[in-house]
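User: I am new to this structure and would like to learn how to read it. Please take me through some of its features one at a time.

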Amino acid sequence: MAKRGKAKQRAPLTRERAMEVAVTVADEEGLAGLTMRSLAHELGVEAMSLYHHVKNKDDILNGMVDAVFAQIALPDPSSTDWRQGMRVRAHSARAVLNRHPWAISLLESRANPGLATLKHHDAVLGSLRGGGLSLELTGHAYAVLDAFIYGFVQQELSLPFQSPKQAEDVATQIMSQMPVGLFPHLAEFATSRVLQPGYAFGNEFGFGLELILDGLERAHRSGT
């Protein structure tokens with residue numbers, strides 16, 4: 001940590017730079033490792049200097065959340081293809097949250113959202129409404145899509161493996177501990193699905209997303 005702080009010590013202290021470094025600290029050490037003192041150290045300044053640019057830690061968290069929302073690709077505002085807009089946003093959000101896992105629990109918790117956060121929400125709502133979805137269905141769509149995206153990433157980050165080889169090793173270990181014949185469906189799933197070439201849990205994201213979009217499309221066509 002000391003080296004990172006020294007490397008940026010000569011750069012002028014601004015709110016934007018403070019947020020950038022705060023995100024880096026959280027990425028590397030989690031939110032527990034982010035304090036006013038630790039952030040000041042990484043910036044190469046005294047803690048009191050930080051208060052000229054941020055009010056408190058909650059203000060820093062607001063800025064960090066805004067910085068994360070700014071990284072998520074938004075639907076094309078000139079397009080009426082709401083499904084494609086939701087695909088773009090969903091896949092981008094998943095990638096961004098995998099880079100910043102600490103952000104999942106914070107994204108919807110801010111009582112004072114920044115401009116990037118407001119722009120994000122407005123663009124998603126605009127894509128759904130521009131595609132012809134009713135106000136009610138737009139609300140349903142946004143809630144269900146966010147629950148799926150955030151929940152999937154949370155599960156993805158919690159898995160005890162990160163690669164197909166690691167998934168194979170974990171599945172093999174679990175199967176070796178199971179009494180023979182006692183859990184036939186687990187055994188079938190492991191041998192005929194998880195342990196097959198090309199299996200990756202992350203592939204389920206696209207399948208689940210399309211399932212939700214299909215359901216929303218049916219509701220839209222039925223006039224919901």
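Analyst: Let us begin with a pair of helices: H8 and H11 are roughly antiparallel to each other. Please keep in mind throughout that this is a predicted model.

User: On what values does the description of H8 and H11 as roughly antiparallel rest?

Analyst: In general, two packed helices are described by the angle between their axes and the distance between the axes. Here, the axes of H8 (residues 135-158) and H11 (residues 204-221) cross at roughly 170° and come within 11 Å. Angles over 145 degrees count as roughly antiparallel, so the pair receives that description.

User: Which residues of H8 and H11 meet?

Analyst: On the H8 side they are Leu137, Ala141, Val144, Leu145, Phe148, Ile149 and Phe152. Their partners in H11 are Glu204, Phe205, Gly208, Leu209, Ile212, Leu213, Leu216, Ala219 and His220. By class, this contact of H8 with H11 comprises 13 nonpolar, 2 polar and 1 charged.

User: How should I read the spacing of Phe148 and Phe152 in helix H8?

Analyst: An α-helix has 3.6 residues a turn, so residues three or four places apart point the same way. Phe148 and Phe152 are 4 residues apart in H8, and therefore about one helical turn separates them. Both of these residues are buried.

User: How many aromatic pairs are there, and how are the rings of Phe148 and Phe152 arranged?

Analyst: The count comes to 4 aromatic pairs. The ring centres of Phe148 and Phe152 lie 5.9 Å apart with their planes at 50°, so this pair is tilted. Phe152 also pairs with Phe201, and that pair is stacked, with 4.9 Å from centre to centre and 10° between the planes. Phe201 sits in the loop between helix H10 (184-194) and H11, whereas Phe152 belongs to H8, so the pair ties together parts 49 residues apart in sequence. Phe152 and Phe201 are both buried. Ring pairs join Phe148, Phe152, Phe201 and Phe205 into a cluster.

User: At what angle do H2 and H5 pack?

Analyst: The same two descriptors apply: the angle between the axes and the distance between them. H2 and helix H5 (residues 57-71) pack at about 80°, their axes being 9 Å apart. The two helices are therefore roughly perpendicular to each other. Arg15, Met19, Ala22, Val23 and Ala26 of H2 make this contact with Asp59, Ile60, Gly63, Met64 and Ala67 of H5. The residues of the contact of H2 with H5 divide into 7 nonpolar, 1 polar and 2 charged.

User: How does the span of H2 agree with its number of residues?

Analyst: At 1.5 Å a residue, the 15 residues of H2 (residues 15-29) should span 21 Å, and the end C-alpha atoms are indeed 21 Å apart. Among its buried residues are Met19, Ala22, Val23 and Ala26. After H2 comes Gly30, with a positive phi near 80°.

User: Are Ser92 and Ala32 buried or exposed?

Analyst: Relative accessibility decides this. Ser92, in helix H6 (residues 82-99), has 15% relative accessibility; being under 20%, Ser92 counts as buried. Leaving aside neighbours within four places in sequence, Ser92 is in contact with Gln71, Ile72 and Ala73. Ala32 lies in the loop between H2 and helix H3 (36-43), and Ala32 is exposed, with a relative accessible area of 78%.

Note on methods:
Residues are numbered from 1 along each chain as its sequence is written. This is a predicted model: local features need pLDDT of at least 70, side-chain atom pairs count only at pLDDT 80 or more; totals for chains, interfaces and linings use all residues. Side-chain values use heavy atoms; hydrogens and water are left out. The expected span of a helix is 1.5 Å times one less than its number of residues. Buried means under 20% relative accessible area, exposed over 50%, partly exposed in between (1.4 Å probe, protein chains only). Axes are lines fitted to C-alpha atoms, for helices over the stretch in contact, and angles run from 0 to 180 degrees between N-to-C directions. Angles under 35 degrees count as roughly parallel, over 145 as roughly antiparallel, 65 to 115 as roughly perpendicular and the rest as oblique. Contact means heavy atoms within 4.5 Å. Ala, Val, Leu, Ile, Met, Phe, Trp, Tyr, Cys and Pro count as nonpolar, Asp, Glu, Lys and Arg as charged, and the others, Gly among them, as polar. Rings of Phe, Tyr and Trp (its six-membered ring) pair if their centres lie within 6.5 Å; planes under 30 degrees apart count as stacked, over 60 as edge-to-face and the rest as tilted.
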